[in-house]
Amino acid sequence: MVYLDYAAGEKIDDYVLNLYTKYLKECYPNPNSNHTLGKKMNEMIEDASKKYLTYLNLGDSYEIVYTSGATESNNLALKGTAHRYRNFGKKIIISSMEHTSITASAEYLSREGYEILVCPVKDNGRLDLDALKSMMNYDVILVSVTSLDSELSIKQDLKEVLNITKNYKNAHVHTDASSIVGKTDFDFNGIDLITIAPHKFGGVGDLGLLVKKKDVYLDPEISGGRSTTIYRAGSPNTPSILANVEALKKALEDRKENYKYVESLYNTIIDNLKKYDKVHINNTYDSTPYIINFSVDSVSSNDLVKYLDDNKIYVSSKTSCCPINAPSKLVYALTKNKKLSSESIRISLSKNVSREDIEIFLNVLDNYLEKEI
C-alpha cells in the first residue's frame, strides 16, 4: 500500500497515540465538575492552552475555543462573527482558495442576507491585494483568507491582508491555518481568528482549535452547559487537548527537517512528470512541496484515481470534502481552466512517505500514462 493523501489526514504519531491512550485512561473526570478531580482536569487544560499559545508564538491577548475539528472552527469563526457584529455591517470577504467549510458557511450567511464577496487570486495563486482593497469598506465585518490551501499548497501573505484591513475598524480577519502548521513557517500575530487542525500535523482527529483574540466576541453556534469558554458548550475533550499540544510541539520542532525530506520527494516526482508533454503541473512557485497538483490532458481524474487505487496507491483529485464528480474549485480559481480543474490529481506528501513508496507510485503512474497519452 502507498498512501499519498496526507493533506486529507496525517498519520497519528506513535508518541502522541501513546499519550492519548494514557490520558483516556486517566483523565476521565469532567473538567466542569466542581470537585477536586474536576478542578485538576481544568487546571491541566489551562496549562495546555498556555502551551498551545506559546508554541504558536501568540501572547496572552489570545485564547482558545476547543471544537470538534476544523470544520466546526471555521463555521464558528464565520457565523459567530457575522451574528455578533451584524449591527456593524453585513459584508464578508473570502478568498477564492478557501476550504468547503468556509464557502459553505459563507453561502449559509448569504441566505441570511449577508453580502459575500470572493476575492480572486493572481496567476501565482497569491491573493489579488488590489482586488481586496477595492472590496473593502466600513460595512466589512470579516475577511477570511486561508494561510495555506489544501489543494495547491500556496502560502498567502497574511501581513499584507492585515495592512489592508487595519484601517477598517469593524473588519475582523480570520485564517484557516489547518494546512500550514507543521509544514512551513507562519506568523499569526494580529490575526483575529485562527483555525488549527491537529489531525493535519500528527495529532488526534477529534479536536479542533479556534484561537481568537480575547477582545473579539462571537455568538456561539452550539448551546448547552458551560465549558472552557462561553463560545462553545459541551464537556471539554481533555485527552485530545492534552495529547495534541504535544503533537504541535513535535511538529514544530521537526518542521525544517521534514520539509527538506519532503522537498526531495517532491523534486523526484516533478522531474518524472516533466517527461510528459500532456501533463500540466498546476502548482506555482509559491507552493510548498507538500502537495503536487497536476492534470493530464484528456485523462479523467476519476479514472486515474481509480487505476491507482486498483494498484493500492491512494491519491485524490481534490480536497476530500468536495463532491467526487465536481471540478476542483481551487484549481479553477487559479487556472481559470475548466478542463484542468476537471482533470486534476492531488498528491500530498508527508514525512511518513518513503522513497520506496515514490518509486512504486512512479512506476505504476508511468505504466498508465504511457498507455493513455
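These legends walk you through several close-up views of a predicted model.

**View 1. A salt bridge within helix α2.** Here K51 pairs with D47, and their closest N and O atoms lie 3.6 Å apart. The two residues sit four positions apart in helix α2 (residues 36-55), so about one helical turn separates them. Residues three or four places apart in an α-helix point the same way, because each turn takes 3.6 residues. Both partners are partly exposed: K51 has a relative accessible area of 31%, and D47 comes in at 39%.

**View 2. A salt bridge between strands β2 and β8.** E63 and K212 form this one, with 2.5 Å between the closest N and O atoms. The pair links distant parts of the chain, since E63 belongs to strand β2 (residues 62-67) and K212 to strand β8 (residues 208-213), 149 residues apart. K212 is buried, with a relative accessible area of 0%.

**View 3. More salt bridges to look for.** K250 and D254 bring their side chains together at 2.9 Å, N to O; K250 is partly exposed at 26% relative accessibility. Elsewhere, R126, D157 and D286 are joined in a salt-bridge network. Searching the whole structure turns up 17 salt bridges.

**View 4. Helix α12 and its buried residues.** This helix covers residues 355-372, 18 residues in total, and runs 26 Å from first to last C-alpha, close to the expected 26 Å. Its buried residues include D357, F361, L365 and Y368.

**View 5. Two buried cysteines.** C27 counts as buried at 6% relative accessibility, and C119 does too at 1%. As for disulfides, the count is zero.

How values were computed: Residues are numbered from 1 along each chain as its sequence is written. This is a predicted model: local features need pLDDT of at least 70, side-chain atom pairs count only at pLDDT 80 or more; totals for chains, interfaces and linings use all residues. Side-chain values use heavy atoms; hydrogens and water are left out. A disulfide is a pair of cysteine sulfur atoms within 2.5 Å. Buried means under 20% relative accessible area, exposed over 50%, partly exposed in between (1.4 Å probe, protein chains only). The expected span of a helix is 1.5 Å times one less than its number of residues. A salt bridge is a side-chain nitrogen of Lys or Arg within 4 Å of a carboxyl oxygen of Asp or Glu.
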